[in-house]
Amino acid sequence: MSYRKFNLIILASALTFVLLLVLTNLVIDPFYIFRTPFFKIQYQVNDRYAKISFLKRHWGQYNGLIMGSSRMFFTEPAMLDRYIPGARFYNFSTLGATTYEHMLHIKYLLSNGYPLKHLYIGLDVEAALDLKAHNDSDSLVMLHPDISGKNPITFYWSFLTILPEKDIKQKLRKNFYNDNPRDYAIEIDGALHSKKTVEGSANLPQHLFALPDKLGVGKVKNSPAMEDSLKALQDIVDLCRQYNVNLTIFASPFHISAVPTFVSDNYYVFLKRLASITSFWDFGGYNSVTANNMDYMDPSHYTPAVSRLIAARIFGDKSTPVPRDFGVLATRENIDNHLKELKAQFEKQTSPTR
């Protein structure tokens with residue numbers, strides 16, 4: 001066989017492989033980037049891309065955004081619409097969202113003329129302490145090219161030439177066998193809507209909600225991610241002032257079994273510095289909701305019922321009974337007393353006699 005013929009065979013083989021890879025990703029569309037209609041049941045969705053694309057197609061239809069991580073997935077826009085006359089909310093929560101990403105999305109929308117008037121942000125303090133943004137090579141959480149500034153051709157090509165074997169297999173399995181159908185779905189308002197009542201931890205092993213044997217508070221240490229998060233929050237506040245956007249921020253409530261995994265002196269420092277930037281509602285710590293297993297689907301994700309309690313407290317809904325110990329409006333003036341109470345709760349919870 002001649003050298004030239006051998007090279008042609010190698011080249012043809014490589015091109016065939018790339019073509020098959022491209023066709024596989026285009027037809028199966030494991031992260032639902034190309035919106036191909038061949039497989040209706042989605043296994044994984046890059047929601048950062050999907051939600052920006054949706055808003056671009058429905059530009060101006062909404063004037064309020066719900067932002068946060070997966071803990072905000074079940075927060076219903078219609079609930080907030082009832083509390084704020086004239087508001088039309090869209091649930092823009094994304095998997096593992098970071099504060100820096102919130103800032104990028106808000107800045108993009110406002111600077112491009114999006115008629116944003118209301119922001120409702122559920123802040124994950126533990127993520128703010130440790131993470132600025134996800135690895136841009138992670139296909140599931142890759143930012144829309146309009147947000148990242150990445151060349152669109154490079155963006156789409158990256159999804160055509162990857163080989164996420166697990167995601168491809170899972171999507172095919174869901175579509176051909178549907179052996180574990182989901183009890184919820186993403187509706188047009190961007191939120192997850194349950195097909196049946198979410199019953200909290202009723203079907204989960206209770207040891208998942210057990211407190212660790214050893215608890216403690218870490219010392220203050222240099223945290224670039226915390227500084228980045230605080231800078232992003234300041235930018236969000238400045239943008240809201242510049243564009244006259246009504247901003248509501250609250251610290252998401254974790255189950256008490258999850259709190260010791262991230263409570264440290266940096267946690268208290270972050271809350272104090274956040275209060276110097278803007279007032280916020282704090283639903284964390286130890287209270288009758290965070291101590292109730294039935295209010296959680298797992299130690300870090302609360303039920304839709306809790307999202308309604310949060311909104312009722314924030315908007316002063318007297319028709320919805322909210323536990324008196326659930327939710328504190330933290331301000332520059334009261335933050336020191338609030339942190340003192342949080343520390344006392346933590347010390348009591350972690351004492352040897354608990």
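Here are some numbered notes to help you find your way around this predicted model.

1. Let's start with the whole chain. The protein chain holds 12 helices and 10 strands. Of its 354 residues, 48% are buried. Taking contacts between residues at least 6 apart in sequence, 79% join residues at least 24 apart.

2. A good place to begin looking is helix H1, which covers residues 3–28. Two of its helix neighbours are described here, H8 and H7. As background, a pair of packed helices is described by two things, the angle between the axes and the distance between them.

3. Take H8 to begin with, which spans residues 165–176. The axes of H1 and H8 come within 11 Å and cross at roughly 45°. That angle makes H1 oblique to H8. The crossing of H1 past H8 is left-handed. On the H1 side, the contact is made by Thr24, Asn25 and Ile28, and on the H8 side by Ile168, Lys171 and Leu172. Sorted by class, the contact of H1 with H8 has three nonpolar residues, two polar ones and one charged one.

4. Now turn to H7, the helix of residues 152–160. How far apart are the axes of H1 and H7, and at what angle do the two helices pack? Their axes are 8 Å apart, and the packing angle is about 95°. Since angles of 65 to 115 degrees count as roughly perpendicular, H1 and H7 are therefore roughly perpendicular to each other.

5. Which residues meet where H1 packs on H7? From H1 come Val18, Leu21, Val22, Asn25 and Leu26, and they meet Trp157, Phe159 and Leu160 of H7. By class, the H1 contact with H7 has seven nonpolar residues, one polar residue and no charged ones. Asn25 is worth finding on screen: Asn25 takes part in the contact with H7, and Asn25 is also listed in the contact with H8.

6. While you are at H7, have a look at its buried residues. Phe155, Phe159 and Leu160 are buried in this helix. Viewed down the axis of H7, the buried residues fall within an arc of 135°, so they line one face of the helix. What do they pack against? The buried residues of H7 pack against H1, against helix H2 (47–57) and against helix H6 (145–148). Phe159 and Leu160 appear among the H7 residues that meet H1.

7. Two loop residues deserve a check of their backbone angles. In general, most residues other than glycine have a negative phi. Tyr32 has a positive phi, near 55°, and is not a glycine. You will find Tyr32 in the loop between H1 and H2. Its relative accessibility is 22%, so Tyr32 counts as partly exposed.

8. The other is Asn244, whose phi is positive at about 60° although the residue is not a glycine. Asn244 sits in the loop between helix H9 (224–243) and strand S6 (246–251). Is Asn244 buried or exposed? With a relative accessible area of 61%, Asn244 is exposed.

9. Finally, visit His301, which lies in strand S9 (residues 301–302). His301 and Ser70 are 231 residues apart in sequence, but their C-alpha atoms are 7.7 Å apart in space. Leaving out residues up to four places away in sequence, His301 touches Ser70, Arg71 and Tyr296.

Definitions and conventions
Residues are numbered from 1 along each chain as its sequence is written. This is a predicted model: local features need pLDDT of at least 70, side-chain atom pairs count only at pLDDT 80 or more; totals for chains, interfaces and linings use all residues. Side-chain values use heavy atoms; hydrogens and water are left out. Axes are lines fitted to C-alpha atoms, for helices over the stretch in contact, and angles run from 0 to 180 degrees between N-to-C directions. Helices (H or I, at least four residues) and strands (E, at least two) are DSSP runs, numbered from the N terminus. Angles under 35 degrees count as roughly parallel, over 145 as roughly antiparallel, 65 to 115 as roughly perpendicular and the rest as oblique. A crossing is left-handed if the near helix is turned anticlockwise from the far one by less than a right angle, and right-handed if clockwise. Contact means heavy atoms within 4.5 Å. Ala, Val, Leu, Ile, Met, Phe, Trp, Tyr, Cys and Pro count as nonpolar, Asp, Glu, Lys and Arg as charged, and the others, Gly among them, as polar. Buried means under 20% relative accessible area, exposed over 50%, partly exposed in between (1.4 Å probe, protein chains only). The arc is that of the directions from the helix axis to the C-beta atoms.
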